[in-house]
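Hi everyone, thanks for making time. I'd like to walk you through one model today, so let's put it up on the screen.

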Protein chains: 2
Amino acid sequence: MKTTTIVDVAKAAGVSLSVVSRVLMGRGYVQAEKKELVLKTMREMDYHPSPLAKGLRDSHTNTLGLLFFWLHTPFLPDYYQREIFAGVLDACVARNYQLLINNFVRDLTDVEAARFDCKRMLKDQRVEGLLVVNPPEALIPVFSGSPGRVALVNRREENLSYSDADHVSAMRGLVAYLAKKGHVRLGLLSGDPERDSSARPRRQAFNQCLRAHGLAEDPSLIWDGNFLESSGEEGARHLLSLQDPPTAIVASTDLMAIGALRALRKLGLAKVAVVGIDDVPLAATPEISLTTMRQPFYEMGRSAAEGLISSLASPGDGLVQNLLPMELIVRNSA
Amino acid sequence: MKTTTIVDVAKAAGVSLSVVSRVLMGRGYVQAEKKELVLKTMREMDYHPSPLAKGLRDSHTNTLGLLFFWLHTPFLPDYYQREIFAGVLDACVARNYQLLINNFVRDLTDVEAARFDCKRMLKDQRVEGLLVVNPPEALIPVFSGSPGRVALVNRREENLSYSDADHVSAMRGLVAYLAKKGHVRLGLLSGDPERDSSARPRRQAFNQCLRAHGLAEDPSLIWDGNFLESSGEEGARHLLSLQDPPTAIVASTDLMAIGALRALRKLGLAKVAVVGIDDVPLAATPEISLTTMRQPFYEMGRSAAEGLISSLASPGDGLVQNLLPMELIVRNSA
DNA sequence: TCTTAATGTGGTATCATTACCACATTCCGG
DNA sequence: CCGGAATGTGGTAATGATACCACATTAAGA
């Protein structure tokens with residue numbers, strides 16, 4: 001039950017192993033007919049070259065490590081995470097790379113363990129680069145030590161490659177859309193800036209964009225919630241109970257927007273516009289039909305893997321930092 | 001930027017590379033103090049052994065190939081597939097294995113391509129075994145050629161190792177439960193036996209179990225649907241419009257059961273019992289509260305990986321075929 | 001005809017590691 | 001105090017593939 005090697009093929013074909021290797025590599029000189037013979041022999045013997053030996057020899061494994069923090073939060077449903085995964089996989093297929101799932105970092109808060117494992121992974125030659133999806137904030141610095149061989153997905157870090165959604169311009173797009181529709185008083189259902197780092201820049205973008213469109217900038221129209229549906233409902237109730245209530249509500253997540261829509265329905269206020277961010281599957285249902293910004297999760301995964309593979313091929317090109325635009329999906333809610 | 005090898009460590013510690021190797025392997029004789037010295041040197045030099053070289057040398061890579069057919073069907077939501085994945089991953093972590101994602105088989109119907117890729121994977125030494133999750137029926141024979149190195153998950157095949165849910169005994173459990181509750185006329189919302197191979201044995205189990213409990217076996221109480229919610233609603237309407245309608249309905253999937261519950265609500269029939277199979281997240285919501293059989297997806301993944309690793313370690317032990325029991329989850333619907 | 005270039009071919013070092021063998025030293029019991 | 005076991009140690013082959021070098025053969029050009 002020995003494995004057939006390049007030597008076996010050479011022997012069977014009656015040539016030297018160098019010839020077989022050259023046929024395999026497709027470079028160097030080799031007679032056309034011998035090439036045919038070798039190819040035929042390889043097929044007949046069911047020969048498959050050993051990636052281990054090749055990798056050892058030229059330290060090039062065509063393999064990416066994948067460190068996927070699959071999160072159990074309502075903000076990032078399984079559906080989305082699968083999209084990221086699909087994007088990564090497709091990019092790898094296209095570039096003929098394989099993915100090694102790295103089973104390490106059991107305790108997501110153990111920074112030291114993560115640092116060690118990350119270093120180990122990048123040191124042993126099995127993987128050329130490392131894709132890190134959804135890492136908790138605390139672990140991100142761990143990867144900063146290896147720029148050029150690591151790419152983050154759905155996260156950002158200045159000195160690393162990454163692919164992330166451009167929440168700021170998405171917010172701008174929503175405000176612009178509502179402004180064009182004639183709304184002048186906009187409310188914002190925000191996430192807690194303490195708990196989510198993207199909440200602050202989004203809020204800034206909201207304010208900045210209001211100014212850009214010459215709209216009123218009223219701190220009382222911003223409500224701090226927690227990204228959940230119940231929080232959206234509560235926030236909407238609060239905003240609409242103000243003396244001068246908003247005519248349109250921007251929710252930081254679809255879940256909040258759905259909560260807000262529920263509040264509207266209960267209050268009997270059909271005319272208030274609501275927009276969200278995410279495009280969860282629920283948003284497309286006819287009962288909800290939410291106007292929202294679609295997060296490009298598939299593209300995040302794809303471009304991160306693609307970018308990492310490219311920059312591994314030509315190091316020195318610098319980091320690949322993709323801020324992917326979100327897509328405005330207009331439905332009935334605004 | 002050369003990698004530090006076992007030779008570098010040996011040189012730095014002033015011993016031969018054999019000593020370092022023995023320390024690494026933990027076998028053979030080596031002086032306690034030298035061992036300490038070597039260990040210290042390894043730490044200081046940040047040495048990590050090369051799995052490639054080791055794998056090449058002793059053809060033992062501690063890696064499993066994963067071929068995951070992530071399906072886009074309502075019957076098997078992302079949530080479940082993630083559970084399988086988590087189970088596989090946990091087993092691998094526990095046994096110190098890694099997972100190589102194999103990017104092949106793009107066209108799920110191309111049996112020849114699948115066969116070639118499968119053979120290639122098992123031939124090149126990168127992976128010791130192959131986990132195949134949710135393969136389409138047409139591809140299953142491809143893997144039969146390599147028993148002992150392949151395990152199926154959520155599928156069955158007589159001459160392969162597998163982990164699957166025991167649908168038959170789940171059906172028995174549901175009938176027994178309803179019988180104990182005093183129901184004597186049971187309806188079955190079945191899947192199409194043509195399209196799903198598990199529909200037929202489930203139906204047989206249903207009939208057989210009716211007999212076992214001395215209940216009426218009436219072919220008109222079996223309705224053929226397609227596993228979807230709408231189909232469940234339609235089927236329930238049909239069964240309840242019979243002259244002698246059932247007092248309890250067994251649905252082949254939770255989706256069908258949910259459809260049946262909707263039919264009951266619309267018809268104003270609150271007393272008819274409904275049970276499903278799956279335990280989808282929706283089933284636990286208070287509005288639905290469905291009594292159902294939970295599919296052990298996590299355990300399927302875990303036990304398949306665990307079994308495969310074990311049987312790789314001791315070949316000749318025969319196949320590992322796990323039929324995992326489903327768990328009855330009693331809620332309000334029955 | 002004689003150089004120079006193009007086309008082929010086979011041998012060998014190399015990659016990082018481990019298993020095995022040969023050899024050295026210590027230790028202990030008779 | 002001597003033989004053999006126990007404890008250590010270093011050298012080397014082997015794993016499968018590729019790059020490079022040296023060498024052979026042919027072709028072409030002057």
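**Between the chains, at the DNA and in the sheet**

Let me start where the two chains meet: E2(A) and strand E2 of chain B, residues 98-101, run antiparallel and are joined by three bridges. If you want one pair to look for, A:Ile101 stands opposite B:Leu99 in E2(B). Do keep in mind that this is a predicted model.

Okay, the whole contact. Chain A puts in 27 residues, and 27 come from chain B. On the chain A side, at least two residues each come from H4, helix H5 (78-94), strand E2 (98-101) and helix H6 (111-123). So which of these gives the most? That's H5(A), with six residues. By class, the chain A side has 12 nonpolar, eight polar and seven charged residues.

Now the DNA. Around strand D we have 26 residues, and the closest are A:Thr5, A:Ile6, A:Ala53, B:Ser16 and B:Ser18. The elements giving two or more residues to that surface are helix H2 (17-25) and helix H4 (51-58) of chain A, plus helix H2 (17-25) and helix H4 (51-58) of chain B. The split there is 12 nonpolar, nine polar and five charged.

Over at strand C, 27 residues surround the DNA, and the closest are A:Ser16, A:Ser18, B:Ile6, B:Ser50 and B:Ala53. Here the elements with two or more residues are H2 and H4 of chain A, together with helix H1 (6-13), H2 and H4 of chain B. In this case we get 13 nonpolar, nine polar and five charged.

Last stop, the sheet in chain A. Six strands form an open sheet, in the order E7-E6-E8-E9-E10-E12, with mixed pairing. Why do E7 (222-224) and E12 (327-329) of chain A each have one side without a neighbour in the sheet? They stand at the edges with a single partner strand each, so that side is left free of a neighbour. From one strand to the next, the twist averages 20 degrees.

At the E7 end, strand E6 (residues 186-190) of chain A pairs with E7(A) in the parallel sense, over three bridges. There, A:Leu188 has A:Ile222 in E7(A) as its bridge partner.

Two helices to finish. Helix H8 of chain A, residues 167-180, lies across E6, E8 (248-251), E9 (273-278), E10 (291-294) and E12 of chain A, at about 160 degrees to E9(A). Helix H9 of chain A, residues 199-212, lies across E6, E7 and E8 of chain A, and runs at about 175 degrees to E6(A).

That's my tour, thanks.

Definitions and conventions: Residues are numbered from 1 along each chain as its sequence is written. Chains are lettered from A and ligands numbered from 1 in the order in which they are written. This is a predicted model: local features need pLDDT of at least 70, side-chain atom pairs count only at pLDDT 80 or more; totals for chains, interfaces and linings use all residues. A residue is near a molecule or strand if its C-beta atom, placed from the backbone, lies within 6 Å of it. Helices (H or I, at least four residues) and strands (E, at least two) are DSSP runs, numbered from the N terminus. Ala, Val, Leu, Ile, Met, Phe, Trp, Tyr, Cys and Pro count as nonpolar, Asp, Glu, Lys and Arg as charged, and the others, Gly among them, as polar. Two strands pair if DSSP finds at least two bridges between them. Axes are lines fitted to C-alpha atoms, for helices over the stretch in contact, and angles run from 0 to 180 degrees between N-to-C directions. Two residues are in contact if their C-beta atoms, placed from the backbone, lie within 7 Å.
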